[in-house]
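Q: Got a minute to go through this model with me? I'd like to start with the charged pairs.

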Amino acid sequence: MAHLRFKALESLNARQPIKVTAPSTKISDYYGENVFGIDAMKRYISSDAVKVVLAATDSGEKIDAITADAVAAGMKCWAIEKGVTHYTHWFQPLTDATAEKHDSFFDLDGEGKPFEKFKGSALVQQEPDASSFPNGGIRSTFEARGYTAWDPSSPAFIMGGTLCIPTIFVSYTGESLDNKAPLLKSLAAVDKAATEVCQFFDKDITKVTATLGPEQEYFLVDAALFNARPDLLMAGRTVFGHAPSRGQQLDDHYFGSIPPRVNDFMVDFEIEALKLGIPARTRHNEVAPGQYEMAPTFEECNLSCDHNQLIRDLMHKVAEKHALKVLFHEKPFSGINGSGKHNNWALSTNFGKNLLSPSSKPKENLIFLTFLVNVVKAVNDYADLLRASIASAGNDHRLGANEAPPAIISVFLGKQLTEVLEELEKNGNVRIDKGDNMYMKLGINKIPELLLDNTDRNRTSPFAFTGNKFEFRAVGSAANSASPMTVLNTIVAETLVQFKLEVDKQIDKGVKKEVAVANVLRDYTLASKKIRFEGNGYSEEWVKEASKRGLNNVMTTPQALDFWITPKVKKLFEKHGIYSERELEARYEIMQENYIKKIQIEGRVIGDLSINHIIPTAIEYQNKLILNVKGLKDIGLEKEAKPIIEVIKEISKHINAIQTDVDAMTEARKKANVIEHMPERAKAYCDKVKPYFDTIRYAVDKLELIVDDEMWPLPKYRELLFLR
């Protein structure tokens, strides 16, 4: 094993830079060239067919068979002209990854003559094996049928010479088996609820769209070093590795000069992303050595979630060209910052007005406050569900680790907005007489015009308002954004529905509309006070204060996942048509099983590396020391041999600790495996198996400092992290 490490290190010096050239100096010349978007549709299909597709995108109208055939014909012609020979329905099963089955355009007619075929029926629907994907018991092995159905709101694209058609994935009996279908339902729900609330202020607002801009953090390591680490290969993170002398303590990596090899990768990736219509805008070094971030421009939420999945897939493909590996695990390296995916979410009207953007005009600020307060109230009422939406084995390593938001869900608004809400609380019930300036009496006119620039940022907050959007910072790097965004859209929709009902009640009693809105906003502000926190989320004081406020601090995934199936949550999702109870129970089981499998894999990797690599290496080095001690004694240097004997004893101590804990971990895993109830098995893996990971790691990392560097089998942190 040791030779792999040094072979990999030797290969670093032989790396040749890859010349990356953009198709044009102007991004606009090639942006979206591999996307069958509106411009391509207008060139390849009739204007009537384009109108039908746009209507389906905007309002969910069905696409008839004739239009589907026309779109398929145009899509095939466009793709073939670009050298494409195959097509696939690109979907997102419950694996946090994407799936695709490629079919050729090529076919034979009745006389055996070849021709290219792609009909509307193939565009609209395909039939993959539903039982082979995670389904939570919805589909049995002998009930294999499932369907992928075209999502016209997310344009088809070309990836790796294949035409990819974004689709939902459902079982034969109609249950959703993917992340996209619930997201689309939640987007429809928040659109309807938000539009109805907007009617209080502007009758011309007929549609509200959720927008999203997910900032993606990731690590880059050399491919050869990656392949010499079985833990990275199998588990996506290093289960062992002593911290290097220099980590991130000098703060010299963040926003620093991008290493040339990394920059080549970034440029190459961005070119390919831009061709796919992904609006990649920002790239920079992150805090930890070897860590980076890319951020796109805001897009419609469904498209943005699709693009984020594409981004991760594309990064892997481009990295291969540069002999690099991308790590999306939330905590691939111990002792330095992990990676998140900051989901920047907002709501936009059909006029392009951001409902979460403050204004210098008091009337517009009443709309702004309405949506701001409703979002805060939604988070307050469903904080535990939001926590469950970002729960994963990887994110457990990151949340609350003084580098990412704590596991306690709270909302940060900043000093100025807090003062505005306090003014509303104080004056919300003032009498408004004819001729009074309501906005002034309520303090609404005091919102600073430059709030967008003045708003504070609090990196310790899991859910922060950042000027004209909310930033859900607790989402894990490896997660599919669709799941937490489905939850956020749904809880905001529910709160807006309740808000409208309460405002309407007051209006029906003769209260002036603006006053009724302000009254309910005041009630919501008071009711959601406990969720607002402006301080340091890392502090022990906040943990104590959160407990006093009744906010949960759920540190592990098995516990957090239980929030998915509470009666309150089931009622919420069923009411808005997002998940049936059967779908929710199935997802709950899938998430528990996924957690078990990840911890199980990590346990096996730890056992394998410990017994087959670390202990043999330590014994080999120990034997060298023993020979050295014998030699010293043979020439009468017994005193000089004593320090070496102490090192031998130290090695033995750590070897014994590793062997004992690996055996105990294996037994704990065996006991957990016979527990039939999935949630209880997950908790057993969390509480009985996982604790051994840290104790074994401690002993292994101590051995790394003792054993001769020339013998150590695994690439070390100093070699993995400082890529140049």
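**Charged pairs, cysteines and cavities**

A: Sure: the structure holds 37 salt bridges, a salt bridge being a side-chain nitrogen of Lys or Arg within 4 Å of a carboxyl oxygen of Asp or Glu. Keep in mind that this is a predicted model, where local features need pLDDT of at least 70, side-chain atom pairs count only at pLDDT 80 or more, and totals for chains, interfaces and linings use all residues. Residues are numbered from 1 along each chain as its sequence is written, and side-chain values use heavy atoms, with hydrogens and water left out.

Q: Which residue does Arg5 form a salt bridge with?

A: Glu719, with the closest N and O atoms 2.7 Å apart. Arg5 lies in helix α1 (residues 2-13) and Glu719 in helix α27 (residues 717-721), so the pair ties together parts that are 714 residues apart in sequence. Helices here are DSSP runs of H or I, at least four residues, numbered from the N terminus.

Q: Are Arg5 and Glu719 buried or exposed?

A: Both Arg5 and Glu719 are buried. Buried means under 20% relative accessible area, exposed over 50%, and partly exposed in between, using a 1.4 Å probe and protein chains only.

Q: Okay, and where do Asp504 and Lys500 lie?

A: They both lie in helix α18 (residues 482-508), four residues apart, about one turn of the helix. Their side chains meet in a salt bridge at 2.7 Å, N to O. Asp504 is partly exposed at 22% relative accessibility, and Lys500 is partly exposed too, at 23%.

Q: Switching to cysteines: how many disulfides does a search of the whole structure find?

A: Zero, taking a disulfide as a pair of cysteine sulfur atoms within 2.5 Å.

Q: Which cysteine sulfur is closest to that of Cys301?

A: The one in Cys305, but at 4.3 Å it is too far for a bond. Cys301 is buried at 0% relative accessibility, and Cys305 is buried at 2%.

Q: What about holes inside: how much space lies in the largest cavity?

A: About 70 Å³. A cavity is a set of points, on a 1 Å grid over the protein atoms alone, where a 1.4 Å probe fits but cannot get out; its volume is the space filled by probe spheres set on the points, which are joined across faces, edges and corners.

Q: Which helix gives the most to the lining of the largest cavity?

A: Helix α11 (residues 301-321), with four residues. The lining includes Trp90, Leu303, Asp306 and His307, where lining residues have an atom within 4 Å of a point.

Terms used
On a 1 Å grid over the protein atoms alone, a cavity is a set of points where a 1.4 Å probe fits but cannot get out, and a pocket is an open set with protein on both sides within 12 Å along at least five of seven lines; lining residues have an atom within 4 Å of a point. Helices (H or I, at least four residues) and strands (E, at least two) are DSSP runs, numbered from the N terminus.
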